Amino acid sequence: MALDLEQAMHTADVLTEALPYIQRFEGKVMVVKYGGNAMTDPILESSFARDIVMLKTVGIHPVVVHGGGPQVDNLLKELGRSSDRIDGMRVTDKATMDVVEMVLGGSVNKSIVNLINKHGGRAIGLTGKDASLIRAKKLPMTKTDEQGNQQQIDLGFVGDVVSINRDVIDLMIASNFIPVIAPLGVDDEGNTYNINADVVAGKVAEFMLAEKLILLTNIKGVLDKEGNVATGLTPSKVDEMIADGTISGGMIPKISYALEAVKNGVKSAVIVDGRVPHATLLEVFTDKGVGTLISRHP
């Protein structure tokens with residue numbers, strides 16, 4: 001078979017571009033939140049798993065936090081159960097929590113572990129209940145009615161993160177495993193809580209003092225007023241874009257979690273279009289990246 005010199009040179013260029021990043025990030029922790037379309041498209045599933053294995057192979061320590069809302073919805077539907085939402089938050093009673101735990105801590109978590117292992121990785125699945133990895137508390141919610149009065153809303157077993165037991169994750173990393181974490185937490189009384197995966201990913205990144213937090217999403221990233229992907233943002237610039245309405249709607253919570261992580265010690269956070277094959281590698285190992293980067297300094 002004849003050598004395609006042009007393709008070989010392109011491969012060499014790619015490897016050369018990646019080398020400084022491999023050297024820079026060796027031994028560093030990167031937290032990757034995995035969800036959305038990337039969890040349901042076989043091609044994207046495969047590229048995600050290979051990306052994670054690649055990170056580990058070159059000496060980076062990936063920690064995966066996953067979602068699974070659509071999978072929970074599907075099982076609830078099969079069981080003939082409804083699931084109400086308030087401002088995007090699932091109202092989670094005890095019976096619904098049992099289903100959430102079954103799906104997130106069971107089928108979805110083990111599917112991702114299997115996917116990474118199939119591509120040559122050494123993944124281990126965890127929930128926040130394992131060794132009290134994620135200490136949680138009930139998430140309070142307040143809504144303002146038409147008369148301007150504030151009402152307390154009971155979301156049931158929906159939680160927020162109090163702390164992360166980083167010793168558990170450090171043990172996995174030291175043993176050369178890839179932790180895959182389901183966003184379930186537990187409180188001091190042993191109650192289990194369903195927690196937003198973006199929140200868990202951000203808090204894991206904070207407690208691990210991660211080099212980078214990568215949030216895979218179903219959009220291109222944060223768009224500026226001209227509709228272009230904004231990148232190279234600082235916390236002050238993000239605050240400015242929220243204030244002037246450039247960042248609005250459903251993007252505000254996601255970028256707020258990324259922003260909080262950066263303000264609390266994570267070197268940088270990036271919101272990446274998970275619909276792009278190998279989005280994680282493109283973000284970590286190329287000069288331009290493929291998403292919206294937020295860092296403490298310009």
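Two residues are said to be in contact when heavy atoms of the two lie within 4.5 Å of each other. With that meaning in hand, the structure, which is a predicted model, can be approached through one of its arginines. R90 touches G69, V72, D73, L76, S83, D84, R85, T96, V100, L155, V158 and N194, when residues up to four places away in sequence are not counted. This arginine is found in strand β4. Its relative accessibility is 7%, and R90 therefore counts as buried, the limit for that class being under 20%. One of its contacts can be described at the level of atoms: the side chain of R90 reaches the backbone oxygen of G69 at 3.4 Å.

Both partners of that polar contact also appear in a database record. The UniProt annotation "binding site", taken from an unreviewed entry, covers G68, G69, R90 and N194. These positions are spread over 127 residues of sequence, yet they cluster in space, with a largest C-alpha distance of 12.3 Å. G68, G69, R90 and N194 from this set are taken in by the lining of the largest pocket.

N194 deserves a separate description. It is found in strand β12, which comprises residues 192-194. Because its relative accessibility is 13%, N194 counts as buried. Leaving out residues up to four places away in sequence, N194 touches R90, T92, M97, V100, L104, F157, V158, G159, P183 and L184. V100 and V158 are among the residues that R90 touches, and N194 touches V100 and V158 as well.

The pocket itself may now be considered. Rolling a probe the size of a water molecule over the atoms shows where empty space is left. The largest pocket has a volume of about 930 Å³. It is lined by 37 residues, of which G69, R85, G88, N196 and A197 are the closest to its centre. The elements that give two or more residues to this lining are α3 (69-78), β4 (89-90), α4 (94-118), α6 (197-207), β13 and α8 (251-263). Of these, α3 gives the most, with 4 residues. By class, the lining of the largest pocket divides into 17 nonpolar, 14 polar and 6 charged residues.

Enclosed space is a separate matter. A search of the whole structure finds 1 cavity of 30 Å³ or more. About 60 Å³ of space lies in the largest cavity. Its lining consists of A38, L44, S47, F48, D51, L216, G274, V276, H278, A279 and T280. Helices α2 (42-57) and α9 (279-285) each supply at least two of these residues, and α2 gives the most, with 4 residues. The lining of the largest cavity has 6 nonpolar, 4 polar and 1 charged residues.

A279, one of the residues lining the cavity, leads to D273, which touches T217, N218, I219, K220, A279 and V290 when residues up to four places away in sequence are not counted. D273 has its place in strand β14, residues 268-273. With a relative accessible area of 8%, D273 is buried. The side chain of D273 also makes a polar contact with the side chain of R275, at 2.8 Å.

I219 meets both members of that pair. Apart from its neighbours within four places in sequence, I219 is in contact with M251, V272, D273 and R275. It is placed in the loop between β13 (212-217) and α7 (235-243). I219 has a relative accessible area of 38% and is therefore partly exposed, a class that lies between 20% and 50%. The C-alpha atoms of I219 and T234 are separated by 20 Å, with these positions 15 residues apart along the chain numbering.

The last residue to be described is K263, in helix α8, an element that also gives residues to the lining of the largest pocket. Its relative accessible area of 48% makes K263 partly exposed. K263 touches P235 and D239, residues up to four places away in sequence being left out. K263 and M89 are 174 residues apart in sequence, and their C-alpha atoms are 25 Å apart in space.

Conventions:
Residues are numbered from 1 along each chain as its sequence is written. This is a predicted model: local features need pLDDT of at least 70, side-chain atom pairs count only at pLDDT 80 or more; totals for chains, interfaces and linings use all residues. Side-chain values use heavy atoms; hydrogens and water are left out. Buried means under 20% relative accessible area, exposed over 50%, partly exposed in between (1.4 Å probe, protein chains only). On a 1 Å grid over the protein atoms alone, a cavity is a set of points where a 1.4 Å probe fits but cannot get out, and a pocket is an open set with protein on both sides within 12 Å along at least five of seven lines; lining residues have an atom within 4 Å of a point. Grid points are joined across faces, edges and corners, and a volume is the space filled by probe spheres set on the points. Ala, Val, Leu, Ile, Met, Phe, Trp, Tyr, Cys and Pro count as nonpolar, Asp, Glu, Lys and Arg as charged, and the others, Gly among them, as polar. UniProt positions are given in the numbering used here, feature names are shortened, and annotations may be inferred rather than shown by experiment. A polar contact is a pair of N or O atoms within 3.5 Å; within protein, one must be able to donate a hydrogen and the other to accept it, and residues adjacent in sequence count only if both atoms are side-chain atoms.
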